[in-house]
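Subject: Structure for your study

Dear colleague,

Please find below the structure that I agreed to pass on to you. After it, I set out what was found, topic by topic, so that you can follow each point in the model yourself.

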Amino acid sequence: MKKYVWILILIIWMLAACAPKPPEQSLLPNDDSYPSDSYPNEDNSAPQLPIGMATAISAAITALSGTLNLPPGQITVVSAEAVEWPDGCLGVQKPGVMCIQAIVPGYKIILEANGEQYEFHTDEDGSVVVQVADEVFGSVEELVINQLASNLGLDESDISIISNADIEFSDACLGVAMHNVVCAEVVTPGKIIVLEADAVQYDYHVSNDGTRVQPATLALTWTREGGIAGFCDSLTVFLSGEVYGDQCRSQPNSSMGTFADLLSDTERDQFNDWVNELGQVDLDASDPEGVSDRMEVKLTFYGEGSGSLSKTDQQELLLWAQSLYQKLYS
């Protein structure tokens with residue numbers, strides 16, 4: 001009897017030894033959406049990448065595949081690193097394009113195809129992918145002039161440079177603080193460029209490489225918080241025509257626009273009249289202290305004159321700001 005038991009055990013052992021091994025599972029998809037020979041470790045095995053980075057890499061490969069009309073399998077990953085981009089353009093500035101001023105976590109990805117390397121910037125989940133082009137768009141001065149002209153509907157020939165000074169800004173926001181915007185505390189070499197059009201001067205802070213163009217002549221700030229509806233809104237308006245909004249009740253939280261897109265001729269004329277006539281105006285239209293579901297509404301206007309506002313004019317300015325905010329999010 002024992003003889004037959006040992007024979008049975010021997011047969012089971014031989015069958016187990018001869019059974020095919022299950023295929024090893026890679027942490028990254030081994031198909032055309034991600035080349036299996038890309039981004040190897042020293043032992044040539046697939047790396048254990050964070051899910052967000054893997055998704056961002058796949059999105060960058062897909063973008064380059066479409067641009068070059070190449071199969072994704074012919075694209076390899078040279079490097080990928082987590083980065084905090086200084087704006088909504090993921091650090092890629094283009095002429096006349098405004099960028100939301102907010103820190104955006106994401107990835108810097110270097111790909112290679114046909115012996116050439118390509119740089120891509122993505123957000124954290126890979127839903128936004130921007131290729132860094134080698135195309136030269138001109139000097140930083142030209143970038144700033146182009147942006148001002150687009151914002152206000154001016155001809156570039158009507159804009160002149162008053163001054164251009166090198167400076168080291170103390171943070172990644174180039175020394176311009178904005179509501180709910182966190183600035184990385186890193187020294188950023190750049191320039192302060194002052195432009196003039198129609199006898200009005202406009203300050204811009206610019207990084208040396210032109211990847212960040214920040215308006216610096218503040219014209220108006222407006223905030224609305226609390227109330228039964230739970231408002232959490234803010235508006236920042238620069239004299240040069242950039243308009244930035246922020247709120248917390250829907251996605252995306254941040255929005256941006258320009259005078260050329262948002263204001264009628266009448267509204268722009270009214271704004272310019274206020275700038276020329278008024279000095280600094282601080283308005284508080286908040287509910288009284290202690291009121292249930294109290295709503296706070298505050299506005300500061302930075303004019304270049306010395307006048308003040310009547311009660312009627314104060315209400316008109318508050319309505320102007322609220323209307324602009326609604327247009328920005330409509």
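A search of the whole structure, which is a predicted model, finds seven aromatic pairs. In one of them, the rings of Phe271 and Phe301 have centres 6.0 Å apart and planes at 80°, so this pair is edge-to-face. The two residues come from distant parts of the chain: Phe271 belongs to helix H5 (residues 265-277) and Phe301 to strand S14 (residues 295-302), and they are 30 residues apart. Both Phe271 and Phe301 are buried.

Phe271 also pairs with Trp320. Here the ring centres are 5.3 Å apart and the planes meet at 15°, so the pair is stacked. Because Phe271 lies in helix H5 and Trp320 in helix H6 (residues 311-328), this pair ties together parts that are 49 residues apart in sequence. How buried are the two partners? Buried means under 20% relative accessible area. Phe271, at 1% relative accessibility, therefore counts as buried, and Trp320 is buried as well, with a relative accessible area of 9%.

These residues belong to one aromatic cluster, which is formed by Phe259, Phe271, Trp274, Phe301 and Trp320. Another ring, that of Phe231, has a charged group over it: the charged end of Arg224 sits there, 4.0 Å from the ring centre.

Strand S14, which holds Phe301, has pairing partners that you may wish to trace next. Strand S9 (residues 218-226) pairs with S14 in the antiparallel sense, over seven bridges. Within S14, Phe301 stands opposite Leu220. Strand S13 (residues 280-284) is also antiparallel to S14, and five bridges join the two. In this case Thr300 of S14 has Asp282 opposite. When you look at such strands, please recall that in a regular strand the side chains alternate between the two faces of the sheet.

A further sheet deserves your attention. It is an open sheet of four strands in the order S1-S2-S3-S4, with antiparallel pairing. Which strands form its edges? They are strand S1 (76-85) and strand S4 (129-132), each of which pairs on one side only. From one strand to the next, the twist averages 25°. Strands S2 (residues 104-113) and S3 (residues 116-123) run antiparallel and are joined by eight bridges. As an example of this pairing, Tyr107 has Thr122 in S3 as its bridge partner.

Helix H2 (residues 51-68) lies across S1, S2, S3 and S4 and runs at about 45° to S2. One of the residues in helix H2 is Ala54, which counts as buried at 15% relative accessibility. The C-alpha atom of Ala54 is 8.8 Å from that of Gly126, although 72 residues separate the two along the chain.

Helix H3 (residues 140-152) can be checked against an expected length. Its 13 residues reach 19 Å from the first C-alpha to the last, close to the 18 Å expected at 1.5 Å a residue. Is helix H3 largely enclosed or largely open? Eleven of its 13 residues are buried, so H3 is largely enclosed by the rest of the structure. Among the buried residues are Val140, Leu143, Val144, Ile145 and Leu148, and also Glu141, Asn146 and Gln147. After H3 comes Gly153, whose phi is positive, near 70°.

One further residue to locate is Asp246, in strand S11 (residues 242-246). Asp246 is buried, with a relative accessible area of 14%. Leaving aside residues up to four places away in sequence, Asp246 touches Asn180, Cys232, Asp233, Ser234, Asn253, Ser254, Tyr325 and Tyr329.

Finally, some values describe the chain as a whole. The protein chain has six helices and 14 strands. Of its 330 residues, 41% are buried. Among contacts between residues at least 6 apart in sequence, 57% join residues at least 24 apart. The two pairs of Phe271 described above are examples of links across the sequence, with partners 30 residues apart in one case and 49 residues apart in the other.

Yours sincerely

How values were computed:
Residues numbered from 1 in each chain as written. Heavy atoms only, no water. Pairing = 2+ DSSP bridges. Axes fitted to C-alpha atoms, helices over the stretch in contact; angles between N-to-C directions. Contact = heavy atoms within 4.5 Å. Expected span 1.5 Å × (residues − 1). Buried < 20%, exposed > 50% of the residue type's maximum accessible area, 1.4 Å probe, protein only. Phe/Tyr/Trp six-rings, centres within 6.5 Å; stacked < 30°, edge-to-face > 60°. Lys NZ or Arg CZ within 6 Å of the ring centre and 35° of its normal.
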